[in-house]
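Visitor: Please take one part of this model and go through it closely. I would like to know what lines it, what pairs with it and what comes after it.

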Amino acid sequence: MTAAHRAMTQLESWPNLVSGSPRCAVGRSFGTAGCDIVHFHANDAADLYLTRTAVERLLPQLRDSTAIRVRPGASWITVLLDCDDDVALLLTLISVALKEHDAVRGLEEERGGPRTPRTAAPCDWEPRATPAPRAAAPVAASVHHGRVHDAWKAVGRMLPHGH
């Protein structure tokens, strides 16, 4: 059983999470109230929607871990899953994400807004709308593939990952 499968097995028992297909249609997701929290796209990694605010707040700690990949300004992080310690780290960060999402919902209710299902920002695997190329610009400069994740993940795998 892979580390990702061990994590998914544990998440199945969490009463506030539901399992399903992610919006990006690749792999499996767990989320609440219509909001994907974590995506398992492969057996060796999980993408987690922490929110941009939480990522910025936790950035120094996130950068200290060799199991975490984070990009500036991102609301999603990637947790590489090689061992049980990585699974424990992922489960802890999922708890942080759930509390962050609850806090945002609480603020919306305090402000008198309706408690509506939150939608996660697109994960790295979701196709993004590409801007229409300008006639004067070369085509190669205007095309944005949005699928840099595979190369980014491969580079991340070459970095040492020790505990």
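Guide: What follows begins with one strand, β4, and works outward through its neighbours to the helix after it.

The model is predicted, so local features need pLDDT of at least 70 and side-chain atom pairs count only at pLDDT 80 or more, while totals for chains, interfaces and linings use all residues. Residues are numbered from 1 along each chain as its sequence is written, and side-chain values use heavy atoms, with hydrogens and water left out.

Strand β4 covers residues 45-49. Strands here are DSSP runs of E with at least two residues, helices are runs of H or I with at least four, and both are numbered from the N terminus. Five of the five residues in β4 are buried, where buried means a relative accessible area under 20%, exposed means over 50%, and partly exposed is anything in between (1.4 Å probe, protein chains only). A45, D47 and Y49 point one way from the strand, A46 and L48 point the other way, and all are buried.

Two strands pair with β4. Pairing requires that DSSP find at least two bridges between the strands. With β3 the sense is antiparallel, over three bridges, and A42 stands opposite A45. A hairpin of two residues joins β3 to β4. With strand β6 (residues 76-80), β4 also runs antiparallel, here over five bridges, and Y49 faces W76 of β6.

The strand β3 leads on to an aromatic contact. Rings of Phe, Tyr and Trp (its six-membered ring) pair if their centres lie within 6.5 Å; planes under 30 degrees apart are stacked, over 60 edge-to-face, and the rest tilted. The model has two such pairs by this rule. One of them is F30 with F40, an edge-to-face pair at 6.1 Å centre to centre, with 85° between the planes. It links distant parts of the chain, F30 being in strand β2 and F40 in strand β3 (residues 35-42), 10 residues apart. F30 is buried at 1% relative accessible area, and F40 is buried at 3%.

Going the other way along the chain, the loop between β4 and α2 contains T51. Most residues other than glycine have a negative phi. T51 is not a glycine, yet its phi is positive, about 90°. The relative accessible area of T51 is 6%, so it counts as buried.

Helix α2 comes next. Its 13 residues reach 18 Å from the first C-alpha to the last, close to the 18 Å expected at 1.5 Å a residue; the expected span is 1.5 Å times one less than the number of residues. The helix bends by about 70° at L58, and a proline, P60, follows within four residues. That bend is the angle between axes fitted to the seven residues ending at a position and the seven starting there. A54, V55, L58 and L62 are the buried residues of α2. An α-helix has 3.6 residues a turn, so residues three or four places apart point the same way.

A charged residue of α2 makes a contact further along the chain. A salt bridge is counted when a side-chain nitrogen of Lys or Arg lies within 4 Å of a carboxyl oxygen of Asp or Glu. R57 forms one with E100, the closest N and O atoms being 3.2 Å apart. This pair links distant parts of the chain, with R57 in helix α2 (residues 52-64) and E100 in helix α3, 43 residues apart. R57 is partly exposed at 47% relative accessible area, whereas E100 is buried at 11%.

The structure holds three salt bridges. R28 forms one with E12, with the closest N and O atoms 1.7 Å apart. R28 lies in strand β2 (residues 28-32) and E12 in helix α1, so this pair ties together parts 16 residues apart in sequence. R28 is partly exposed at 27%, and E12 is partly exposed at 44%. R6 forms another with D84, the closest N and O atoms being 2.9 Å apart. That pair joins helix α1 (residues 3-12) to helix α3 (residues 84-110), across 78 residues. R6 is partly exposed at 27%, while D84 is exposed at 51%.
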